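Reader: I'm new to this structure and would like a close look at just one part of it. Could you pick a helix and walk me through it, along with whatever sits around it?

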Amino acid sequence: MKDYGCAWRILRLPSLTDQIFIKAQRIRSLQENEVQKIADDAKGEFIGIINYSIMALIQLELGVAEQPDLDTIRATELYDAQVKQTKQLMEDKNHDYGEAWREMRVSSLTDLILQKILRVKQIEDNQGKTLVSEGIDANYQDMMNYAVFALILMKE
């Protein structure tokens, strides 16, 4: 059997952003609609946002590959490095802002994720040119942390 490595490495960044958008829209649908025809839950969608955001951060670091070019070990190292960096950002922000997110609604965290996605899409559509903005990487990190906060709140 042929090992295709990390096939997601051939996806362009806007494709990953759109996948995050789909996940966030699905969460919004779950939060607003009483009836759902597909049996999935918000937890899985938030996990998807985290994973797609990590893939996007790795793409920002390495660029897009023409062919899958990472083995599982290297992909795991890159994944873990992005998680560590994003967790440190979360800890720094929690230090400065306190844990205000603990008083938020999960639906508000979904709104923040959607806002960040729209900002990333705007930056992508402008080929990275912005007047005033955090970089795309900071927006992906914020989406990851908002998704983690939502998962924590859903457990409590």
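Author: Let's start with one bit of vocabulary: the expected span of a helix is 1.5 Å times one less than its number of residues. Keep in mind, too, that this is a predicted model.

With that in hand, take helix α3, which runs over residues 72–97. It has 26 residues, and the stretch from its first C-alpha to its last is 37 Å, close to the 38 Å expected. For a second example, try α2: its 21 residues reach 30 Å, again close to the expected 30 Å.

Where does α3 fit in the whole? The protein has five helices and zero strands, so to speak a plain α-α-α-α-α when you read along the sequence. Of its 156 residues, 37% are buried. Among contacts with a separation of 6 or more, 77% join residues 24 or more positions apart.

Now the two ends of α3. At the N-terminal end, aspartate 71 acts as a cap, with a side-chain oxygen 3.2 Å from the backbone nitrogen of isoleucine 73. After the other end comes glycine 98, and its phi is positive, near 75°. You'll find a glycine after α2 as well: glycine 63, with a positive phi near 85°.

Between those ends, which residues of α3 are buried? They are Ala75, Leu78, Gln82, Thr86, Met90 and Asn94. What covers them includes α2 (42–62) and α5 (136–155).

Asn94 leads us to the next stop, the largest pocket, with a volume of about 260 Å³. Its lining has 14 residues, and the closest to the centre are Lys93, Asn94, Tyr97, Tyr146 and Phe149. The elements giving two or more residues to that lining are α3, α4 (106–125) and α5. By type, the lining divides into nine nonpolar, three polar and two charged residues.

Lys93 also has a partner worth a visit: aspartate 142, which is found in helix α5. Is aspartate 142 buried or exposed? It counts as buried, because its relative accessibility is 4% and the cut-off for buried is under 20%. Leaving aside neighbours within four places in sequence, aspartate 142 is in contact with Leu89, Lys93, Lys116 and Glu134.

So that's the tour of α3: a cap at aspartate 71, buried residues covered by helices including α2 and α5, and a share in the lining of the largest pocket.

How values were computed:
Residues numbered from 1 in each chain as written. Predicted model: local features only at pLDDT ≥ 70, side-chain atom pairs only at ≥ 80, totals over all residues. Heavy atoms only, no water. Helix = DSSP H or I, 4+ residues; strand = E, 2+ residues; numbered from the N terminus. Buried < 20%, exposed > 50% of the residue type's maximum accessible area, 1.4 Å probe, protein only. Contact = heavy atoms within 4.5 Å. Polar contact = N/O pair within 3.5 Å; in protein donor to acceptor, adjacent residues only side chain to side chain. 1 Å grid on protein atoms, 1.4 Å probe; cavity = no way out; pocket = protein on both sides within 12 Å on 5 of 7 lines; lining within 4 Å. Points joined across faces, edges and corners; volume = space filled by probe spheres on them. Nonpolar A, V, L, I, M, F, W, Y, C, P; charged D, E, K, R; others polar.
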